[in-house]
Amino acid sequence: MASSITSSSSRLFPITRDSQPTSHSTSKDPSVLPLEEQTNLSNGSVSSFQRPDSFGRFGKFGGKYVPETLIHALTELEAAFHTLSADEEFQKDLAGILRDYVGRETPLYFAERLTEHYKRENGEGPHIYLKREDLNHTGAHKINNAVAQALLAKCLGKKRIIAETGAGQHGVATATVCARFGLECIVYMGAQDMERQALNVFRMRLLGAEVRPVHSGTATLKDATSEAIRDWVTNVETTHYILGSVAGPHPYPMMVRQFHAVIGKETRKQALEKWGGKPDVLIACVGGGSNAMGLFHEFVDDKDVRLIGVEAAGFGLDSGKHAATLTKGEVGVLHGAMSYLLQDEDGQIVEPHSISAGLDYPGVGPEHSYLKDIGRAEYYSITDEEALEAFKRVSRLEGIIPALETSHALAYLEKVCPTLPNGAKVVVNFSGRGDKDVHTAIKYLKV
Amino acid sequence: MMTCKLQLGGAFAFARSNNHSVSIESSSLMVATDHQNKTNNNLLPRELAMATTCVPTIKPLLEKELRTHPQETNNDIINSGKFGRFGGKFVPETLIVCMSQLEAEFNKAIHDETFKAELAEALRDFAGRETPLYYARRLSEHYKINNNGKGPDIYLKREDLNHGGSHKINNALGQAMIAKRMGRNTVVTATASGQHGIATAAACAKLGLDCTVFMAAKEMEKECSNVKLMKLLGAKVEGVNGSYKDAASEAFRSWVGEMEKSYHLTGSAVGPHPCPTMVREFQSVIGRETRKQALEKWGGKPDVLIACVGTGSNALGLFHEYLHDMDVRLIGVEAAGCGLDSGKHSSTLAAGDVGVYHGALTYLLQDQDGQILPPHSIASGMEYPGVSPELSYLKESGRAEFSVATDQEALDAYERLCKLEGIFPSLEAAHALAILDNLVPTLSDGSKVIVNCSGCGDKDAALVFDHKLFHGKV
């Protein structure tokens, strides 16, 4: 089933290399970044393309595949974003909220026992660091974006916020920030998901949000997303749509990336303090792709830093039950953007599977599709079983329980560490804590 | 027949029991209460300061605190073990050597620059300190709206953001590091709601120590998510019949059997010296940060500090820094459960008597025969029939005030903070927030109130859900 605004065709739009972004601004605050400065085209570096260009495209990916009624709202949002990026007052407020409410900056933690675990027989091996996004308020990186978008909505005079949610994490993050800012909050959730996640539904209601069940289609995340977009089309004057990931129509992929880019900015500073250099390898799990872009973005122009994204292989890539969009997907349009997605021969969305709800998305952020195509970032996948093993391993070795999403990134260490030179600095984005996954994990791990 | 004797000043006192299964702590208690029995008028009066069974320097803590620099912890404070007449080391002879060894080790560690640097790094990178001092604008305005826009500014010290979800990690990390220094390879502890168990299991996993956590069987059911978390962190969780006090006793007993190899990690500021002092010292990072942050934010000190009191570790952690700032009000809030008159509560300081429990002289909930009364609170972390001896002293000396909040008041405060600030406080911390309703109207406009948000209430959402379901409110 496809919603009225999605299209399965992979139409190509001309890439306008000489297009200018709508505004340039310099920002002193790492939490809100401007568009890339235009760089020298002749050196052939990644940043010779705007990321994104003024049409919101990353190469051929991205764009604004939306009904006419939403174009104005998106344009207004983009303009507001650029204006506020340059606004000192907004930046100061946001920095204050990230510090006092969210709890930033998050530590870059040297995982001593994990590093020891991966040492080879001759005692050599990489050094593993964890960027502790699990320590944020609400327990994941999601709040960085939710808080910034809520503040932006308030500046725009919007009093009503809508969001979609799968398992409830993004819904809870959105309801949290709406309570903080005193905004009306409506969260769309698939009816099936509501049954499976009754406690998260209760949490959202405790926070004052209204949770609306979606019965159409398979009554899961992608249907909730479509319903949220429908609401936005109807109520665009009064309502801001807090999209939870770097997917969706422009300017969302860019905006959400910029709001998460504080992760990478802090990492650069902390790496310099800790070992006087840059990381050699960055690893992050990829569902929609927001935590990965948040970590990677700072280092995209540093060619000596490897960027590795890890998707969910579910029951295995050949089983047909996975969410490995970049490995097994094809190019198409979903939820307003051109990107890789899991689709069948008729262009219908294939229901993805992963043990972790946050990776259970049939699409992926367009910027990831671009970084994959140009070879700047590498993408691999990890099965449910491998993720569960990593979940248990890291809990036991470091006393930190990772979210099942994060466990996919941690599981990849098994594959990459044996290949890395002695003393290589690896930073894994510890995107969330695993308290929410306790019941699932216990069931499978039989602890 | 069981006999127990206690040294009191220059005299010895005895108590006898025909019950062979009387435990160490209740036999000490029997002696203590025998002397409180007004019919035994040839014995010593109730208020006599009791000697400890180790070498004391018995001076009121507050005097010593006043003479020293607030940032320094000197040997005298560590060695005394007494807070006025409270505290002490009421333990069997076999344990005296152990406690003295622990005291010496602790003394050495906190004066060791390397240890301090390692602990600071672990608190920063593992636990996530420093925790923010957050201005709760909407909560403040909620109170100001009914008072012409006037009222105090309410700040929350965000201990809920620590790794593990509460302030417990501050102490668990410090003590686990001491255990490692001492060459112990196992840590044994008891936990009420599971927060301390999780913090201990996490610290032990990080340091490569084995961990056993004792927990009341009924709590294990109530807080089953926390039990699962502890197991995932590699800890063994043992169920004990009864409540937290029984789990605490069991942990102690288990440690006594394996003293060379294992370390007993107290989670709360109770127990025999040096435990209350150790826990308070490790938790005092909360107050130190608060002083610095208050100075940065409004260039001054807080006017009022509020914290919930189960055993007292988070309260002491916040209060300790300000003990000699007499212009700072210290308010501890205990659990009134179903109400003080119902008999189902945990309000030790409000409704208890002085006696010896778990190795220290302190206030406790006891009946006329000196038997411990079972405590009750909707918040497991508040459900303890004793309290820190240091808090007992602060109450008696008048330095701190103590209030109570019922289960329902705590639940209301929990929901209020969710809706107004998007923060789930633990049900324990919700008790501290609950008294704002009555306190705020008495405070002047612009006064600075800091509430210790000692834990994250995600763990309590299921409990609140069930409670509302049960009462037909969902």
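Is A:Glu273 buried or exposed? I looked this up and found that A:Glu273 counts as exposed, at 56% relative accessibility. My cut-offs: buried is under 20% relative accessible area, exposed is over 50%, and partly exposed is in between (1.4 Å probe, protein chains only).

**Ground rules.** I am working with a predicted model, where local features need pLDDT of at least 70, side-chain atom pairs count only at pLDDT 80 or more, and totals for chains, interfaces and linings use all residues. Residues are numbered from 1 along each chain as its sequence is written, chains are lettered from A and ligands numbered from 1 in the order in which they are written, and side-chain values use heavy atoms, with hydrogens and water left out.

**Salt bridges.** I took a salt bridge as a side-chain nitrogen of Lys or Arg within 4 Å of a carboxyl oxygen of Asp or Glu. My search of the whole structure gave 59 over all chains. A:Glu273 pairs with A:Lys269, with the closest N and O atoms 3.5 Å apart. Both sit in helix α10 (residues 262-275) of chain A, four residues apart, about one turn of the helix. I read helices (H or I, at least four residues) and strands (E, at least two) as DSSP runs, numbered from the N terminus. A:Lys269 is partly exposed, at 39%.

Next I looked at A:Asp302, which bridges to A:Lys278 at 2.8 Å between the closest N and O atoms. A:Asp302 is in the loop between α11 (290-296) and β10 (306-314) of chain A, and A:Lys278 in the loop between α10 and β9 (281-285) of chain A, so the pair ties together parts 24 residues apart in sequence. A:Asp302 is buried, at 13%. A:Lys278 is partly exposed, at 30%. Both belong to a network of salt bridges that also links A:Lys265, A:Arg268, A:Glu298 and A:Asp304.

In chain B, I noted B:Lys459 with B:Asp460, 2.9 Å between the closest N and O atoms. Both residues are buried.

**Helix α17 of chain A.** Which residues of this helix (438-445) are buried? I listed A:Val438, A:Ala441, A:Ile442 and A:Leu445. Seen down the axis, they fall within an arc of 100 degrees, so they line one face of the helix. That arc is taken from the directions from the helix axis to the C-beta atoms. Their cover includes α14 (384-398) of chain A and α10 (224-232) of chain B. A:Lys446 follows the helix, with a positive phi near 55 degrees.

**Where chains A and B meet.** I counted contact as heavy atoms within 4.5 Å. By that rule, 42 residues of chain A touch 43 residues of chain B. The buried area is about 3500 Å², with carbon and sulfur atoms giving 62%. Here, buried area is the accessible area (1.4 Å probe) that two parts lose on being put together, summed over both. In chain A, A:Asp100, A:Phe202 and A:Leu206 lose the most area to chain B, together 18% of what that side buries. I found three salt bridges across the interface. A:Asp100 and B:Lys297 meet in a salt bridge through their side chains, 2.6 Å from N to O.

**B:Pro272.** This residue lies in the loop between β10 (262-264) and α12 (275-283) of chain B. I found B:Pro272 buried, at 4%. Leaving aside neighbours within four places in sequence, its contacts include B:Met99, B:Phe252 and B:His358.
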